[in-house]
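Visitor: Please take a close look at one part of this structure, the nonpolar core, and describe how it is put together.

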Amino acid sequence: MALVPCQVLRVAILLSYCSILCNYKAIEMPSHQTYGGSWKFLTFIDLVIQAVFFGICVLTDLSSLLTRGSGNQEQERQLKKLISLRDWMLAVLAFPVGVFVVAVFWIIYAYDREMIYPKLLDNFIPGWLNHGMHTTVLPFILIEMRTSHHEYPSRRSGLTAICTFSVGYILWVCWVHHVTGMWVYPFLEHIGPGARILFFGSTTILMNFLYLLGEVLNSYIWDTQRKPPSGQGT
């Protein structure tokens, strides 16, 4: 019975991300019309990652309901593939990238909002949408981690995947600067080449740390639940 509320919750989260993405794309901002469009912003990429991830979660739930009790081995194999994809996405993309976006955005925002989210953007992006992009991502992904067990890939393959994503995005940011002469994020304009290299290296390390944090958190939540109460068991 506990599965039904989780399924409904995932549908609600998926719909919220679809709403956020639609509202964000409907905003006519100058930066959306320049090279790379919305895809040069990690926040937008993260929203797409989260929407795809929760879409897979909903699809997995539906497949599980349809497969339950059918005895069809082919359907069960396909369901296992979906579950593996869901777990891989949470481990490698949804958790580390989502937590990274929330943490880094609000840390820099608290220090000097003009460095990452200039006040001018308030004229285009309403407050609720800003929080939808930069705040609710964290509780949503923590709720998912708490309500469903996810099998993490091997540490080596997981770290390789998140490193590939991080380096790929850094190269994309540098390419956008090469083509347009402007950095995606305002604060990159105000630091030297050495500081940029240090920043990019630090963000890659942070992504790796967040992957490991997700792995530890997932194990802690589910190992604790499976552990029998004191005085019970053998």
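**The nonpolar core**

Guide: Buried residues, meaning those under 20% relative accessible area with a 1.4 Å probe and protein chains only as cover, make up 43% of the 234 residues in the chain. This is a predicted model, in which local features need pLDDT of at least 70 and side-chain atom pairs count only at pLDDT 80 or more, while totals for chains, interfaces and linings use all residues. Residues are numbered from 1 along each chain as its sequence is written, and side-chain values use heavy atoms, with hydrogens and water left out.

The chain comprises eight helices and zero strands, helices being DSSP runs of H or I with at least four residues and strands runs of E with at least two, numbered from the N terminus. The largest nonpolar core, a set of buried Ala, Val, Leu, Ile, Met, Phe, Trp, Tyr and Cys residues joined through side-chain atoms within 4.5 Å, has 64 residues, and those with the most contacts inside it are Tyr 17, Leu 42, Val 97 and Phe 165. Among the elements that give two or more residues to this core are helix 1 (3-26), helix 3 (42-67), helix 7 (155-180) and helix 8 (193-226), while helix 4 gives the most, with 16 residues.

Leaving aside neighbours within four places in sequence, Leu 42 is in contact (heavy atoms within 4.5 Å) with Val 97, Phe 100, Val 101, Phe 165, Tyr 169, Tyr 185 and Met 207. Among contacts in the chain between residues at least 6 apart in sequence, 78% join residues at least 24 apart.

How values were computed
Buried < 20%, exposed > 50% of the residue type's maximum accessible area, 1.4 Å probe, protein only.
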